[in-house]
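Trainee: Could you take me through one part of this model slowly? I'd like to see how a helix fits in with whatever is around it.

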Amino acid sequence: RETRDLDVPLAARHFYYHAGWAQLQEREFADQVPIGVIGQIIPWNFPLLMLAWKIAPALAAGNTVVLKPAEFTSLTALLFAELSAEAGLPPGVLNIVTGDGATGALLVESPVDKIAFTGSTEVGRLIRQTTAGTGKSLTLELGGKSPFIVFDDADIDGAVEGVVDAIWFNQGQVCCAGSRLLLQEGIAEIFRRRLIRRMSTLRVGMPLDKTIDMGAVVAPVQLERIKSMVETGVKEGAEKYQTPGAMPAEGC
C-alpha cells in the first residue's frame, strides 16, 4: 500500500518537477553549471523515491550519475535503468552499480566530482573523512532520533494518530521517524493509555495485503538488530509493552 500510494507516485511527481527545472534552466538558472559526475548512494526504505530524490535534480542540472542502490533493493534501480534506456537517455548518463558497503566505499574513493549519500551517521562520518581534502562536493542526509512532543493542550486522539504515522509508518523505516515520545506531565498517563489502546487495532502481516497497517521489516538482519535494541532497553530499566497476539509467528 505504501509503495502504491507514496513511493511510486511521489517519484513520478519528483521527476516531473525537475523536468520543469530543465526546461527553465537557461532563464532561471543561467548562473548554474553542472558539477560533473555524481556518485550517489541510497538506502532501502523507499527504493524508488530515494532514487528520484538523487537522480532527478542531478540530471536536470546537466550532470551524469553513478548510483549505488542498497543491496536489499537493487532490483528497483535496475528496472529504472531499463526504463531510462527505453526513454532514450544516452548511454553513460545514468549508471547503476550494485553491491554492499564495499561497493559504496569504492564509489566514494573513485574520481567522481561529488558524493551524495543518504544513510547512517556512522557511515556518513567515514565518507566525510574519505572525501576530506579531495575537492569533491558532498551532500549527506543522515539518520536521527526525531522527538514527537505533545503538550497538555493538544488534541489527544489526534496526537495519538500522529504517533502512529510518525513511528509505525513503513514499519518505522523512515529517516525522520518520530522515535522518541516526549509528553507534558499532566497528560502523560492518559496519552499512554490511549496509545496502548490504539496499538491493539494495528494490523500486522503480509505487506501485499492492502488491509495491513504494518508489513515486514526489510531483512532478518534488521529484525535481529531491532530485537537486540529492545532487549538492551529492557535490561537498562525500560518497561516494554507489545500488543498481545499482534505478531505473526514467522517472517520479519
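Mentor: Let's look at helix H2 and its surroundings, keeping in mind that this is a predicted model.

H2 covers residues 47-60, and its axis comes within 9 Å of the axis of helix H1, residues 2-28. The two axes cross at roughly 5 degrees. That angle is under 35 degrees, so H1 and H2 count as roughly parallel to each other. Where do they meet? On the H1 side, the contact includes Val8, Phe15 and Trp21, and on the H2 side, Leu48, Trp53 and Ile55 are among the residues. Sorted by class, this contact has 16 nonpolar, 3 polar and 1 charged residues.

Now for the sheet. H2 lies across S1, S2, S3, S4 and S5, running at about 165 degrees to S2. Those strands form an open sheet in the order S3-S2-S1-S4-S5, with parallel pairing. S3 and S5 stand at the edges with a single partner strand each, so one side of each has no neighbour in the sheet. Neighbouring strands are turned by 15 degrees against each other on average, ignoring direction. For a sample of the pairing, take S1 and S2: they're joined over 5 bridges, and Val37 stands opposite Thr64 in S2.

Follow the sheet to S5 and you'll find Glu141. An unreviewed UniProt entry lists Glu141 under "active site". Its relative accessibility is 30%, which is why Glu141 counts as partly exposed. And here's a link back to our helix: Glu141 touches Trp53, along with Phe117, Thr118, Gly119 and Cys175, leaving aside residues up to four places away in sequence. Trp53 is also one of the H2 residues that meet H1.

Technical notes:
Residues numbered from 1 in each chain as written. Predicted model: local features only at pLDDT ≥ 70, side-chain atom pairs only at ≥ 80, totals over all residues. Heavy atoms only, no water. Axes fitted to C-alpha atoms, helices over the stretch in contact; angles between N-to-C directions. Helix = DSSP H or I, 4+ residues; strand = E, 2+ residues; numbered from the N terminus. Parallel < 35°, antiparallel > 145°, perpendicular 65-115°, else oblique. Contact = heavy atoms within 4.5 Å. Nonpolar A, V, L, I, M, F, W, Y, C, P; charged D, E, K, R; others polar. UniProt positions renumbered as here; feature names shortened; annotations may be inferred. Buried < 20%, exposed > 50% of the residue type's maximum accessible area, 1.4 Å probe, protein only. Pairing = 2+ DSSP bridges.
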